[in-house]
Amino acid sequence: MAPPIARSPRPPPRLPQRAGQPSRGGAGPWAAREAAAGVRPPRRGRAGERGAGRRGGARRTMAAAAAAAAAAAPGRARRGAPMFSQKELTSKKRDEFEDILEERRLSSDLRYAMKCYTPVIYKGLSPCKPNAIKSAVLQSEQVQYVIKQLAKEMGESPDIVQEEATEILDEMGHSMQLGAVRFFAFTLSKIFKQLFQRVCVNEEGMQRLQHAIQEHPVVLLPSHRSYVDFLMLSYLLYTYDLALPVIAAGIDFLGMKIVGELLRRAGAFFMRRSFGGNRLYWAVFAEYVKTMLRSGYAPIEFFLEGTRSRTAKTLTPKFGLLSIVMEPFFKREIFDTYLVPISISYERILEESLYAYELLGVPKPKESTSGLLKARRILSDNFGTIHIYVGQPVSLRTLASGRISRCPYNLVPRHLPQKPSEDIQEFVSDVAYKMELLQIENMVLSPWVLVAAVLLQNLPAMDFELLIEKTLWLKGLTQTFGGFIEWPDNLCAKKAVVSGLTLHSNIAHLVDGHVVLNDKQVEDGAVGEIVFKRALAILMCAAYRNQLLNVFVRPSLVAVALQMTRSFRKEEVYSCFSFLRDVFSDEFIFFPGISLKDFEEGCFLLTKCDAIQTSQQEIYPTDKGGVIVSFLSAMFRPFVEGYQLIFRYLSKETKEAFTEKQFIPGVRNFVFQLLEKGNTQCYEALSSDMQKNALAALVQLGAVKKKKMSNGFTYSVNQEAVNKILDMFDARIPVQKPVAARL
């Protein structure tokens, strides 16, 4: 493999322009074109034209599943043609990565910020001025209809409601200016070079994105692990001379003096965390987003997860914004929309310690300029490498073909608010899960992720040589399962482990030939303080192990099911697998309605590594498979034991209705006391993320009733149902879930 080519300073890269780009008509009636046009997949760009990059591992793919069995799986019939097909597990070439900071280290940041910036945009349109967008929104039939309706209902003048709509737009709207963009380009260059060793991007993905932007409106859907995410994407698009995105940001940022306004001028538009049934706000916000999408002059960027993941596991998607950006296509206002999944992987997350404190109940610091200035001390730290994988643009038109009828939208005037049908809501949900699974598929794993997974199974200390041996073994297993591992500079295992320990010296360190968690002075002080510090170290380490769980979740749940059922009968193992999949549906991302396919993928991967053998009726571990099954089960033990503790708390400690604000500290104190007494070692059960997910699982399983009140939600426990689920977890009774598909 050729090393990266050293380059002399030169202007920032421009992706190759496609000759003869055909012009297209504006948005409007597409009936004639739709009748004549077939579905066109996004075009692939040429191979990267800059220096040689680094190649990742084999592409993660999904197991083959029988079509007949899939059709029989519960829930699929009502969803129509499956959107998420599990592909045959074969080794595929990954796109090459290029370090964009390499060039920044060799040339002037000021010259970079002040470069000639002329991005190619959708259909060659001229960028809309921010004020022109606001005017179009206020004058739109949709907003004017809601204004008149509200004025009539409240008995007020439409001018008063119009003024309120104007204030909402002024609070919400971006005011992108090239001067602010150049300021961020200069500043972020300085900061990123200080914080990160490399920022690597797949150039083929950037070429695909360039072509997509010229063809149809584009929606960027990045994973969300850090505040760096949206800054990094804008920086990346500026580097490649692509149109900068307009970014949906939380209104919290407006509380940051100067910084909030700079973000607005760099393309951020702000949304409230909750609309609270405010019809005017919803109408203005939705029309603002759709107006920007229809104009197509800039990609729209938002996070499907809604907020940063504190655990490095992908959060269940939020559907509101995705539903809004799909509506112009449903109403035939645009021909197509490209959805672009983007995977951002951090070798070391900037907020790692902050997240651990938050999970343990320490309040999140409010976003403020003073807090940002205080955080500048992190500039002296090393946060390793970021990998950004820009996925294949996905055509909304292709996804909807044969699945969604847009005729109902033709029966109602476009400006009238229309509640999406059940089919549309299911479609939006399926697309959201598909996009998140595509993000997961292209996440890059560092050696430290493997080290963290091994170390957490061997606390309080592990022999260094044994850790190296186990890490190398886990590397092979991860690649067999299709994981995307970036092994730095092809280092030997020992050097890779040492490199990871050096980068993460705040989490673990080497002492007398053993690796231990970095809980300095943890033996000093009160018992409660010792428990808190140890929990802090374990949660920080677990955030990196969790990145591996995305690859391992399906074979691991099969392994856990084998141990829980203590049976080799395939039907019983599948029933237990399906039960666990339902229970952990908020912990991990599963595509709706394909439980059987997930089970078959898990079995296929375990068979591929010779961990199990299967017949038509049975599944049983091989002689060598015991080690793999035990490792996978142990990897998921914190979740199984954590849920057992939370269920036990709900079963014994809660008698009356409660709120989430009462539940979280209650269960945390319950687990804390067990840890102090030495009755459990499951420190991860202290995580508020796990506690909320366990409560949500019981709501979905019908064991806890959730009731909406004027000031929020209350929960009431069905003791008998919770005890039954707890007995299933404890393997005291068999999982009583009927098998809906013939195996």
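How far apart should the ends of helix 26 be, given its 18 residues at 1.5 Å a residue? The model is predicted, and its coordinates give a direct check. Helix 26 covers residues 660-677, and the rule leads to an expected span of 26 Å. The C-alpha atoms at its two ends are 26 Å apart, so the expected span and the model agree.

The next point is which residues of helix 26 are hidden. Phe663, Ile664, Val667, Arg668, Phe670, Val671, Leu674 and Leu675 are buried, a word used here for under 20% relative accessible area. Around the helix axis these residues cover an arc of only 160°, and therefore they sit on the same side of helix 26. Lys661 and Lys677, on the other side of the helix, are exposed.

What lies over the buried residues? The cover of the buried residues of helix 26 includes helix 14 (352-359), helix 22, helix 25 (625-652) and helix 27 (688-700). After helix 26 comes Gly678, which has a positive phi, near 80°.

From this helix the reader can turn to the empty spaces inside the model. Searching the whole structure gives seven cavities of 30 Å³ or more. The largest cavity holds about 180 Å³ of space. It is lined by 16 residues, and Phe184, Leu188, Ser234, Tyr235 and Ala266 are the closest to its centre.

Where does this lining come from? Two helices, helix 8 (178-195) and helix 10 (228-239), each contribute at least two residues to the lining of the largest cavity. Helix 10 gives the largest share, with five residues. Sorted by class, the lining of the largest cavity consists of 14 nonpolar and two polar residues, with no charged residues.

The second largest cavity has about 160 Å³ of space. Its lining is made of 18 residues, and those nearest the centre are Ser345, Met443, Val444, Leu445 and Gln547. Two or more lining residues come from each of strand 8 (338-346), helix 18 (422-441) and helix 22 (527-565). Helix 22 has already appeared in this account, among the elements that cover the buried residues of helix 26. By class, the lining of the second largest cavity has ten nonpolar, five polar and three charged residues. Charged residues are thus part of this lining, while the lining of the largest cavity has none.

Terms used: Residues numbered from 1 in each chain as written. Predicted model: local features only at pLDDT ≥ 70, side-chain atom pairs only at ≥ 80, totals over all residues. Heavy atoms only, no water. 1 Å grid on protein atoms, 1.4 Å probe; cavity = no way out; pocket = protein on both sides within 12 Å on 5 of 7 lines; lining within 4 Å. Points joined across faces, edges and corners; volume = space filled by probe spheres on them. Helix = DSSP H or I, 4+ residues; strand = E, 2+ residues; numbered from the N terminus. Nonpolar A, V, L, I, M, F, W, Y, C, P; charged D, E, K, R; others polar. Expected span 1.5 Å × (residues − 1). Buried < 20%, exposed > 50% of the residue type's maximum accessible area, 1.4 Å probe, protein only. Arc of directions from axis to C-beta. Contact = heavy atoms within 4.5 Å.
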